[in-house]
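Hi,

Here is the structure I promised to pass on to you. Have a look at it first, and then read on for my notes.

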Amino acid sequence: MKRAAVLALLPVLAAQGLWVRARVPRLPEADGPRRGRLGSGAPLRVLILGDSSAAGVGVAMQDDALSGQLAARLGSTREVTWDLRARSGATTAQVLEEVQSAELGRFDVAVVGLGVNDCKNGVPLARWVAQSCTLYDLLRTKCGVRLICASALPPMGDLPALPRPLSTVMAARAAVFDAALIGMVEQIPVLRRVRPDIAITAQVMAADGFHPGPLVYAAWAEAVAAEVGTLL
(Lines give C-alpha, C1' and ligand atoms only; values in the text may rest on other atoms or scores of the structure.)
Protein backbone atom coordinates (compact mmCIF):
# COMPACT_ATOMS: atom_id res chain seq x y z
CA MET A 1 0.00 0.00 0.00
CA LYS A 2 1.33 3.44 -0.94
CA ARG A 3 2.56 5.73 1.80
CA ALA A 4 0.18 8.52 0.84
CA ALA A 5 -2.81 6.21 1.18
CA VAL A 6 -1.63 5.04 4.60
CA LEU A 7 -1.17 8.63 5.77
CA ALA A 8 -4.68 9.49 4.65
CA LEU A 9 -6.03 6.53 6.61
CA LEU A 10 -4.14 7.30 9.83
CA PRO A 11 -7.18 8.59 11.80
CA VAL A 12 -9.19 5.50 10.85
CA LEU A 13 -6.28 3.16 11.58
CA ALA A 14 -5.71 4.75 14.98
CA ALA A 15 -9.39 4.40 15.88
CA GLN A 16 -9.46 0.78 14.74
CA GLY A 17 -6.28 0.04 16.69
CA LEU A 18 -7.89 1.36 19.87
CA TRP A 19 -11.04 -0.64 19.12
CA VAL A 20 -9.04 -3.85 18.72
CA ARG A 21 -7.17 -3.25 21.98
CA ALA A 22 -10.45 -2.67 23.81
CA ARG A 23 -12.48 -5.50 22.28
CA VAL A 24 -10.04 -8.35 21.68
CA PRO A 25 -9.64 -10.48 24.83
CA ARG A 26 -6.15 -10.74 26.33
CA LEU A 27 -5.39 -14.43 26.51
CA PRO A 28 -2.76 -15.85 28.88
CA GLU A 29 0.35 -17.73 27.87
CA ALA A 30 -0.03 -21.50 27.87
CA ASP A 31 0.51 -23.24 31.18
CA GLY A 32 2.93 -26.12 31.64
CA PRO A 33 6.66 -26.82 31.60
CA ARG A 34 8.91 -24.64 29.45
CA ARG A 35 11.83 -27.03 29.36
CA GLY A 36 12.21 -30.75 29.48
CA ARG A 37 13.43 -33.92 27.84
CA LEU A 38 11.66 -36.77 26.12
CA GLY A 39 12.21 -39.55 23.62
CA SER A 40 15.20 -41.77 23.00
CA GLY A 41 17.95 -41.89 20.44
CA ALA A 42 20.59 -39.43 19.38
CA PRO A 43 20.41 -36.24 21.49
CA LEU A 44 18.88 -33.10 19.98
CA ARG A 45 18.86 -29.77 21.82
CA VAL A 46 16.18 -27.26 20.80
CA LEU A 47 15.84 -23.61 21.85
CA ILE A 48 12.54 -21.82 21.17
CA LEU A 49 12.52 -18.02 21.25
CA GLY A 50 9.81 -15.53 20.50
CA ASP A 51 6.69 -13.61 21.35
CA SER A 52 3.18 -14.55 22.48
CA SER A 53 2.64 -17.18 19.81
CA ALA A 54 5.89 -18.93 20.71
CA ALA A 55 4.75 -18.71 24.35
CA GLY A 56 1.57 -20.60 23.46
CA VAL A 57 -1.03 -17.86 23.76
CA GLY A 58 -4.25 -19.26 22.33
CA VAL A 59 -4.14 -22.70 23.95
CA ALA A 60 -4.37 -23.71 27.59
CA MET A 61 -1.34 -25.98 27.87
CA GLN A 62 2.14 -26.08 26.39
CA ASP A 63 1.41 -29.63 25.19
CA ASP A 64 -0.92 -28.09 22.60
CA ALA A 65 1.37 -25.15 21.80
CA LEU A 66 4.41 -25.06 19.55
CA SER A 67 6.91 -26.29 22.14
CA GLY A 68 4.91 -29.32 23.24
CA GLN A 69 3.84 -30.38 19.78
CA LEU A 70 7.34 -29.93 18.38
CA ALA A 71 8.94 -31.88 21.23
CA ALA A 72 6.47 -34.71 20.75
CA ARG A 73 7.24 -34.95 17.04
CA LEU A 74 11.00 -34.78 17.41
CA GLY A 75 10.95 -37.10 20.41
CA SER A 76 9.62 -39.94 18.27
CA THR A 77 13.10 -40.45 16.82
CA ARG A 78 15.50 -38.48 19.05
CA GLU A 79 16.16 -37.71 22.69
CA VAL A 80 14.98 -34.12 22.65
CA THR A 81 15.92 -31.51 25.22
CA TRP A 82 14.00 -28.28 24.74
CA ASP A 83 14.05 -24.84 26.33
CA LEU A 84 11.27 -22.31 25.68
CA ARG A 85 12.12 -18.63 26.21
CA ALA A 86 9.22 -16.56 24.95
CA ARG A 87 6.84 -13.95 26.31
CA SER A 88 3.89 -11.89 25.16
CA GLY A 89 4.80 -8.59 23.55
CA ALA A 90 8.44 -9.51 22.94
CA THR A 91 10.24 -7.73 20.12
CA THR A 92 13.35 -8.83 18.30
CA ALA A 93 15.42 -6.23 20.16
CA GLN A 94 14.26 -7.57 23.52
CA VAL A 95 14.97 -11.19 22.63
CA LEU A 96 18.36 -10.22 21.24
CA GLU A 97 19.21 -8.48 24.53
CA GLU A 98 18.18 -11.59 26.46
CA VAL A 99 20.30 -13.89 24.32
CA GLN A 100 23.25 -11.53 24.71
CA SER A 101 23.02 -11.49 28.51
CA ALA A 102 21.68 -14.95 29.43
CA GLU A 103 23.60 -18.16 30.02
CA LEU A 104 21.74 -20.33 27.54
CA GLY A 105 24.05 -23.26 26.93
CA ARG A 106 24.51 -25.09 23.63
CA PHE A 107 21.76 -26.06 21.18
CA ASP A 108 21.49 -27.79 17.84
CA VAL A 109 18.33 -26.06 16.65
CA ALA A 110 16.77 -22.66 17.37
CA VAL A 111 13.15 -21.90 16.53
CA VAL A 112 12.46 -18.16 16.31
CA GLY A 113 8.94 -16.73 16.32
CA LEU A 114 9.40 -12.97 16.05
CA GLY A 115 8.47 -10.05 13.83
CA VAL A 116 4.77 -9.42 14.44
CA ASN A 117 5.35 -7.00 17.33
CA ASP A 118 8.13 -5.26 15.43
CA CYS A 119 5.81 -4.95 12.45
CA LYS A 120 2.81 -3.56 14.34
CA ASN A 121 4.93 -1.34 16.61
CA GLY A 122 6.41 0.53 13.66
CA VAL A 123 10.00 -0.70 13.95
CA PRO A 124 11.80 0.37 10.75
CA LEU A 125 12.43 -2.53 8.39
CA ALA A 126 16.20 -1.94 8.18
CA ARG A 127 16.50 -1.94 11.97
CA TRP A 128 14.52 -5.19 12.25
CA VAL A 129 16.70 -6.85 9.62
CA ALA A 130 19.89 -5.74 11.39
CA GLN A 131 18.61 -6.95 14.76
CA SER A 132 17.48 -10.25 13.29
CA CYS A 133 20.82 -10.88 11.59
CA THR A 134 22.65 -10.11 14.83
CA LEU A 135 20.37 -12.52 16.70
CA TYR A 136 20.91 -15.30 14.16
CA ASP A 137 24.66 -14.80 14.24
CA LEU A 138 24.68 -14.87 18.04
CA LEU A 139 22.67 -18.09 18.13
CA ARG A 140 25.24 -19.66 15.85
CA THR A 141 28.39 -18.37 17.58
CA LYS A 142 27.29 -18.33 21.24
CA CYS A 143 24.93 -21.31 21.31
CA GLY A 144 26.42 -23.47 18.56
CA VAL A 145 23.13 -23.65 16.67
CA ARG A 146 23.35 -25.56 13.38
CA LEU A 147 19.83 -24.80 12.16
CA ILE A 148 17.65 -21.72 12.75
CA CYS A 149 13.97 -22.03 11.86
CA ALA A 150 12.54 -18.51 11.66
CA SER A 151 8.79 -18.35 11.35
CA ALA A 152 7.28 -16.50 8.43
CA LEU A 153 5.23 -13.42 9.19
CA PRO A 154 1.58 -14.51 9.38
CA PRO A 155 -0.97 -13.40 6.75
CA MET A 156 -2.27 -10.56 8.89
CA GLY A 157 -4.95 -9.69 6.39
CA ASP A 158 -6.63 -12.99 7.26
CA LEU A 159 -6.65 -12.55 11.03
CA PRO A 160 -10.30 -12.39 12.18
CA ALA A 161 -9.50 -9.87 14.94
CA LEU A 162 -8.38 -7.13 12.54
CA PRO A 163 -11.00 -5.02 10.71
CA ARG A 164 -10.40 -3.40 7.36
CA PRO A 165 -8.60 -1.21 6.42
CA LEU A 166 -6.32 -1.94 9.42
CA SER A 167 -5.90 -5.55 8.31
CA THR A 168 -5.00 -4.43 4.77
CA VAL A 169 -2.31 -2.05 5.99
CA MET A 170 -0.89 -4.59 8.44
CA ALA A 171 -0.90 -7.30 5.77
CA ALA A 172 1.08 -5.08 3.41
CA ARG A 173 3.63 -4.25 6.09
CA ALA A 174 3.94 -7.90 7.18
CA ALA A 175 4.52 -8.91 3.56
CA VAL A 176 7.46 -6.49 3.36
CA PHE A 177 8.94 -7.93 6.56
CA ASP A 178 8.42 -11.46 5.30
CA ALA A 179 10.13 -10.64 2.00
CA ALA A 180 13.08 -9.34 4.03
CA LEU A 181 13.16 -12.64 5.93
CA ILE A 182 13.34 -14.50 2.63
CA GLY A 183 16.27 -12.29 1.69
CA MET A 184 18.02 -13.13 4.94
CA VAL A 185 17.54 -16.84 4.28
CA GLU A 186 19.36 -16.42 0.97
CA GLN A 187 22.33 -14.86 2.79
CA ILE A 188 22.55 -17.02 5.95
CA PRO A 189 23.27 -20.72 5.28
CA VAL A 190 21.86 -22.04 8.59
CA LEU A 191 18.62 -20.03 8.36
CA ARG A 192 15.29 -21.44 7.15
CA ARG A 193 11.94 -19.67 6.77
CA VAL A 194 9.18 -21.86 8.19
CA ARG A 195 5.51 -21.36 7.36
CA PRO A 196 2.65 -23.53 8.68
CA ASP A 197 0.78 -25.25 5.86
CA ILE A 198 -2.72 -24.25 6.94
CA ALA A 199 -5.27 -21.67 5.83
CA ILE A 200 -5.96 -19.01 8.45
CA THR A 201 -9.66 -18.93 9.29
CA ALA A 202 -11.65 -18.17 12.42
CA GLN A 203 -12.13 -21.90 12.95
CA VAL A 204 -8.41 -22.62 13.44
CA MET A 205 -7.53 -19.49 15.41
CA ALA A 206 -7.79 -18.83 19.14
CA ALA A 207 -10.79 -17.13 20.69
CA ASP A 208 -9.19 -13.71 20.28
CA GLY A 209 -8.98 -14.09 16.50
CA PHE A 210 -5.33 -13.12 16.58
CA HIS A 211 -3.32 -16.01 18.03
CA PRO A 212 -3.01 -19.59 16.78
CA GLY A 213 -5.28 -22.38 17.88
CA PRO A 214 -4.14 -26.00 18.35
CA LEU A 215 -4.36 -26.85 14.64
CA VAL A 216 -2.15 -23.92 13.66
CA TYR A 217 0.38 -24.83 16.34
CA ALA A 218 0.35 -28.40 15.04
CA ALA A 219 1.02 -27.22 11.48
CA TRP A 220 3.78 -24.92 12.74
CA ALA A 221 5.41 -27.77 14.67
CA GLU A 222 5.14 -30.06 11.63
CA ALA A 223 6.86 -27.48 9.42
CA VAL A 224 9.71 -27.05 11.89
CA ALA A 225 10.07 -30.82 12.35
CA ALA A 226 10.40 -31.24 8.59
CA GLU A 227 13.32 -28.81 8.55
CA VAL A 228 14.93 -30.44 11.57
CA GLY A 229 14.70 -33.74 9.72
CA THR A 230 17.43 -32.46 7.41
CA LEU A 231 19.86 -32.71 10.35
CA LEU A 232 19.20 -36.43 10.88
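The lining of the largest cavity is made up of T92, V112, L114, W128, S132, L135, Y136, A150, S151 and L181. Please keep in mind as you look at these residues that the model is predicted. The volume of this cavity is about 60 Å³, and a search of the whole structure turns up 1 cavity of 30 Å³ or more.

Which elements supply at least two residues each to that lining? They are helix 5, which covers 125-143, and strand 5, which covers 147-151. Helix 5 gives the largest share, with 4 residues. As for the character of the lining, 7 of its residues are nonpolar and 3 are polar, while none is charged.

Now to the fold around it. I count 7 helices and 6 strands in the protein, and their order from the N terminus is α-β-β-α-β-α-β-α-α-β-α-β-α. The radius of gyration is 17 Å, close to the 17 Å that the globule rule gives for 232 residues, so the protein is as compact as a globular protein of that length. If you would like dimensions for a figure, the C-alpha atoms fill a box of roughly 55 × 35 × 30 Å along the principal axes.

How much of the protein counts as buried? The share is 47% of the 232 residues. The accessible surface comes to about 10900 Å², and carbon and sulfur atoms account for 56% of that area. Among contacts with a separation of 6 or more, 82% join residues that lie 24 or more positions apart.

One residue I would like you to look at is Y217, which sits in helix 7 (residues 214-228). Is Y217 buried or exposed? Its relative accessible area is 0%, so Y217 is buried. Setting aside neighbours within four places in sequence, the residues in contact with Y217 are S52, S53, G56, V57, V59, D64, A65, L66, Q69 and P212. T168 is not on that list; the C-alpha atoms of T168 and Y217 are separated by 24 Å, and the two residues are 49 apart along the chain.

If you have time for two views, I would suggest the cavity lining with helix 5 and strand 5, and then Y217 in helix 7. Do write back with any questions.

Best wishes

Notes: Residues are numbered from 1 along each chain as its sequence is written. This is a predicted model: local features need pLDDT of at least 70, side-chain atom pairs count only at pLDDT 80 or more; totals for chains, interfaces and linings use all residues. Side-chain values use heavy atoms; hydrogens and water are left out. On a 1 Å grid over the protein atoms alone, a cavity is a set of points where a 1.4 Å probe fits but cannot get out, and a pocket is an open set with protein on both sides within 12 Å along at least five of seven lines; lining residues have an atom within 4 Å of a point. Grid points are joined across faces, edges and corners, and a volume is the space filled by probe spheres set on the points. Ala, Val, Leu, Ile, Met, Phe, Trp, Tyr, Cys and Pro count as nonpolar, Asp, Glu, Lys and Arg as charged, and the others, Gly among them, as polar. The radius of gyration is taken over C-alpha atoms; the globule rule is 2.2 Å times the number of residues to the power 0.38. Buried means under 20% relative accessible area, exposed over 50%, partly exposed in between (1.4 Å probe, protein chains only). Contact means heavy atoms within 4.5 Å. Accessible areas come from the Shrake-Rupley method with a 1.4 Å probe; for residues, only the protein chains shown count as cover.
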